[in-house]
Amino acid sequence: MSKRRKKQKWLKWIIGSVLAIVAVLALAFSIFMYKVEYGFPFYEDEAPQIEFPDGQKHVLLFSKANGFVHSEAIEAGKKVIEELGQKNNWFVYTFDEGGVFNENQLKQFDLVIWNNVSGKVLTNDQRAAFQHYIENGGSFMGLHAAGDGSHHWDWYTQNLICAEFSHHPIEKHLQPNTMKLQTLGNDPIFEKLPGRIELNEEWYVFYANPAEKKAHILYEMDGELIDPNGNFLWMNNKEFGMGKAHPNIWYHEVKKGKAIYSAVGHDAATYQNQDYVKVLEQMVNWCLEKK
């Protein structure tokens, strides 16, 4: 074989190898983006065996992630809630499978916390049981990814979160800003919360302010102080933010039940901020109050 033919053969092999690598990377990236947007659903039907103690409030801490997995933040959130449970004498049951979402067990919980839950995590029957639980006097507390766009459940988005997720900043992923406590009306449980909390966070952008749906804003920031641009590859219409009044934490009633949601909590360091821990504690206390 001539040197020229050998050179051509090696060149074809190199080009083929590069194209194969590019194809594999493109496939991997497409799978990742699909998971972020839709998740890869898997479900569990078996109900756990739970011994509910008397004389304590019962809290379900649920952290299942079928979409993007906030591994470090999930573990940090679990640690904080479990420590607050010990401090306040709550029975915190940590379980990450959907089998607990049945009517018999849900009705024994005073509060269900979705800790960075992402993707479609419940079957249709489990969704129906959870909706029935909330609308008939149960309480919900959602953290960060619990309000992202991966759940694809209209009732959950419109009635529980009260806001439709659009995007978060991409290039300037984590940015500093100050959340400010808002006017509280007739909810004295929040009166002693920190007036200002400085965080370096992934600030979620929603299409509309949940206040438009009568949700009460607990904390908001000046959204004009961040770069909200979420444009990325084919997503080229995500350069907008929520303006000067950018909500971060809000709460409202859902028929006979209650819901409170915090859009922050992407970064594990957020759960080490003692001012934010105080907010989490009072969020739980508000949920556990009788209406």
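1. Which elements each supply at least two residues of the lining of the second largest pocket? They are strand β11 and helix α6, the latter spanning 274–288. The model under review is predicted, and the points below start from that pocket and work outwards.

2. The second largest pocket has a volume of about 200 Å³. Its lining comprises 16 residues. Those nearest the centre of the pocket are Gly137, Ser139, Cys287, Glu289 and Lys290.

3. Strand β11 covers residues 257–262, and 6 of its 6 residues are buried, so the strand is largely enclosed by the rest of the structure. Burial applies to both of its sides: Gly257, Ala259 and Tyr261 point one way, while Lys258, Ile260 and Ser262 point the other way, and all are buried. The lysine in this set, Lys258, is taken up again in point 6.

4. On the pairing of β11, two partners can be named. Strand β4 (residues 139–143) runs parallel to β11, with 5 bridges between them. Within that pairing, Gly142 has Tyr261 of β11 as its bridge partner. Strand β10 (residues 246–254) pairs with β11 in the antiparallel sense, over 6 bridges. Here Glu253 is the residue opposite Lys258.

5. The connection between β10 and β11 is a hairpin with 2 residues between the strands. Lys255, in the turn, has a positive phi of about 55°. As background, most residues other than glycine have a negative phi. Two further cases of a positive phi in a residue other than glycine are Asn116, near 55°, and His144, near 50°. Asn116 belongs to the loop between β3 (111–115) and α4 (124–135), and His144 to the loop between β4 and α5. With the cut-off for burial at under 20% relative accessible area, Asn116 counts as buried because its relative accessibility is 0%. His144 counts as buried for a like reason, its relative accessibility being 0%. A check of the backbone could begin with these loop residues.

6. Two lysines lie over aromatic faces. Lys258, the β11 residue that stands opposite Glu253, lies over the face of Trp286 at 4.4 Å from the ring centre. Lys64 lies over the face of Phe42, at 4.7 Å from the ring centre.

7. Aromatic pairs number 29 in the structure. One aromatic cluster is formed by Phe62, Phe101, Trp114, Phe130, Tyr133, Phe140, Trp153, Trp155 and Tyr156.

8. Is Thr157 buried or exposed? Thr157 counts as buried, because its relative accessibility is 17% and the cut-off is under 20%. Thr157 is placed in helix α5, which spans residues 154–161. Setting aside neighbours within four places in sequence, Thr157 is in contact with Cys162, Ala163 and Glu164.

9. For the chain as a whole, there are 6 helices and 11 strands. The protein chain has 291 residues, of which 51% count as buried. Among contacts between residues at least 6 apart in sequence, 79% join residues at least 24 apart.

10. To sum up β11: the strand is buried in 6 of its 6 residues, pairs with β4 in the parallel sense and with β10 in the antiparallel sense, and supplies at least two residues of the lining of the second largest pocket.

Conventions
Residues numbered from 1 in each chain as written. Predicted model: local features only at pLDDT ≥ 70, side-chain atom pairs only at ≥ 80, totals over all residues. Heavy atoms only, no water. Buried < 20%, exposed > 50% of the residue type's maximum accessible area, 1.4 Å probe, protein only. Helix = DSSP H or I, 4+ residues; strand = E, 2+ residues; numbered from the N terminus. Pairing = 2+ DSSP bridges. Phe/Tyr/Trp six-rings, centres within 6.5 Å; stacked < 30°, edge-to-face > 60°. Lys NZ or Arg CZ within 6 Å of the ring centre and 35° of its normal. Contact = heavy atoms within 4.5 Å. 1 Å grid on protein atoms, 1.4 Å probe; cavity = no way out; pocket = protein on both sides within 12 Å on 5 of 7 lines; lining within 4 Å. Points joined across faces, edges and corners; volume = space filled by probe spheres on them.
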